[in-house]
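Me: Could you walk me through reading this model, feature by feature? I would like the general idea each time, and then the case at hand.

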Amino acid sequence: MHEKKLMDEKRLNRINDFMQNEVDNGLLAGISALVAHKNEIVHFAQCGYQDRDAKTLMSENTLFRVYSMTKPIVSAAVMILFERGLFSLHDPIEKYIPCFANMKVMEVSDAGEHFIVDAAGPITIHQLLTHTSGLAYNFYDDNPACATYRDAKIFDVAVDYSLKDIVEKIAELPLAYHPGEQFYYSVSIDVLAYLIEVLTSESLQDFLQQEMFTPLGMNDTYFCVPEDQRSRVAKCYGGADILKSDVQWGNMMTTWVSGKNDLIDVNSTDPINDPVFARGGFGLKMTMQDYYKFAKMLLNNGAYEGGYLLSPKTIELMRSNHLTEKQMPVRFQEFILGGLGFGLGGSVLMSPPQAEMLGSKGNFGWSGAAKTHFWIDPKEELVAIFMAQGLNNFALVHPIFQNLVYQALLD
């Protein structure tokens, strides 16, 4: 009697066909994908180019800008300090960062008029972790408060601009919503990154290196990439492309309106060479293997080879949905992420049917702006990671990748 396979190799190779199609059609320059099951990597493949013009192939050692996949890492770092009793989740952030006292909210009347009112309550650390703080992002256009972020040029200058500087600027701006009112994806993890610096009197880089990267063996993870390793950073493409998308997370279809997919310079806002640059919401550059080490720790309830980075109960808290029905749905402007809740630092799959894709209730993960995505599935003991570098649209390939992973799971 033949032993039943847990993941079918032939079916896993459909991931390669999908990646090759994305590259052949010019949608992405290069892609790397990893699938691990029961703590063993069962699929790790690359296609296309790290640098299309130089014909440098994508490799296992390529460094990726993971953008917002920085957030789960920094959120986990915050929870390390939570375990040490340095704060409570319900603590107001102004207790540790006083510039967040007396926050204001920009409200909009039925007639479309904007006016400033006092926030209904203080911003808590829990609200920052769950993106219910009322803070915003500069690139949104669905709330008038976001225009104040653009006017303040929050992210226009990254080089030589400290985390403390940017957080103090954020605190001067009105909130988009009252704290706790609803999920609104924002700069909140940047604020928490600064909280780490306040509580530890260490830089964010140093704390992450000592408390997470070194213990987990994440030896290829950087905010500032060493000069002799910068040739390994994948080039980022996009910017000139215009896409139309439907508004549902499942079965997102894209239509190319403009075929141009140029190399873009993102070093002014996400530098690889600035020694003082560090953010909580984006900024890490790393290999696929390093992100796998972090994700594997989350899957294994905080355990790694050498001990526990976080306790199982802390991981359980992080991987649970914290949003109320009133605060949902998880969305980005017109993009409604159906079937998802949000934990401490990442999304939580609440209903695969509502998400309209394969998966397990309790999946935890997140994405990055340039086509990076990961999730862990505690039920199936699975980790999957997709990495590319394209800023030409928002994260539309990830549901297809997720479906391709699960169709290979046969036991």
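Me: What pLDDT does the protein chain average?
Reply: pLDDT is the predictor's confidence in each residue, from 0 to 100. Here the protein chain averages 90, and 91% of the residues score at least 70. Residues are numbered from 1 along each chain as its sequence is written. This is a predicted model, so local features need pLDDT of at least 70, side-chain atom pairs count only at pLDDT 80 or more, and totals for chains, interfaces and linings use all residues, while side-chain values use heavy atoms and leave out hydrogens and water.

Me: Over which residues does pLDDT stay under 50?
Reply: That is residues 240-260, for which the model has 51 contacts beyond four places in sequence. Contact means heavy atoms within 4.5 Å.

Me: Now the sheet. What is the order of strands in the open sheet of eight?
Reply: Strands are DSSP runs of E with at least two residues, helices are runs of H or I with at least four, and both are numbered from the N terminus. Two strands pair if DSSP finds at least two bridges between them. In this model the order is β3-β2-β1-β19-β18-β17-β16-β15, with antiparallel pairing. At the edges stand β3 (56-57) and β15 (340-342), each with a single partner strand, so one side of each is left without a neighbour in the sheet.

Me: How many bridges join β17 to β18, and how many pair β18 with β19?
Reply: Five bridges join β17 to β18, and I376 in β18 is the bridge partner of F364. Between β18 and β19 there are six bridges, with F386 in β19 as the bridge partner of H373. Further along, β16 (residues 347-349) and β17 (residues 364-368) are joined by two bridges.

Me: Which residues take a positive phi in the hairpins on either side of β18?
Reply: In the hairpin of β17 and β18, with three residues between the strands, K371 has a phi near 75 degrees. In the hairpin of β18 and β19, with four residues between the strands, E381 has a phi near 55 degrees. You can also look in the loop between β2 and β3, where K55 is found; its phi is near 60 degrees, a positive value in a residue other than glycine.

Me: Are the faces of β18 covered or open?
Reply: In a regular strand the side chains alternate between the two faces of the sheet. For burial, the cut-offs are under 20% relative accessible area for buried, over 50% for exposed, and partly exposed in between, with a 1.4 Å probe and protein chains only. Both faces of β18 are covered: T372, F374 and I376 are buried on one side, and H373, W375 and D377 on the other. By contrast, K55 counts as exposed because its relative accessibility is 54%.

Me: Which helix lies across β17, β18 and β19?
Reply: That is α9 (residues 288-299), which also lies across β1 and β2 and runs at about 150 degrees to β19. For such angles, axes are lines fitted to C-alpha atoms, for helices over the stretch in contact, and the angle runs from 0 to 180 degrees between N-to-C directions.

Me: What does R65 touch, and is R65 buried or exposed?
Reply: R65 lies in strand β4 (residues 64-65) and counts as buried because its relative accessibility is 6%. Among the residues touched are V233, L284, T372 and Q389. A polar contact is a pair of N or O atoms within 3.5 Å; within protein, one must be able to donate a hydrogen and the other to accept it, and residues adjacent in sequence count only if both atoms are side-chain atoms. The side chains of R65 and N267 form one of 3.4 Å, and a polar atom of the R65 side chain lies 3.0 Å from the backbone oxygen of D270.

Me: How many aromatic pairs are there?
Reply: A pair of aromatic rings is described by the distance of the centres and the angle of the planes. Rings of Phe, Tyr and Trp (its six-membered ring) pair if their centres lie within 6.5 Å; planes under 30 degrees apart count as stacked, over 60 as edge-to-face and the rest as tilted. The count comes to 18. In one of them, the rings of F223 and F277 have centres 6.5 Å apart and planes at 75 degrees, so the pair is edge-to-face. Another, W375 with Y406, is stacked, at 5.9 Å centre to centre and 25 degrees between the planes. That pair links W375 in β18 to Y406 in helix α12 (residues 398-406), 31 residues apart.
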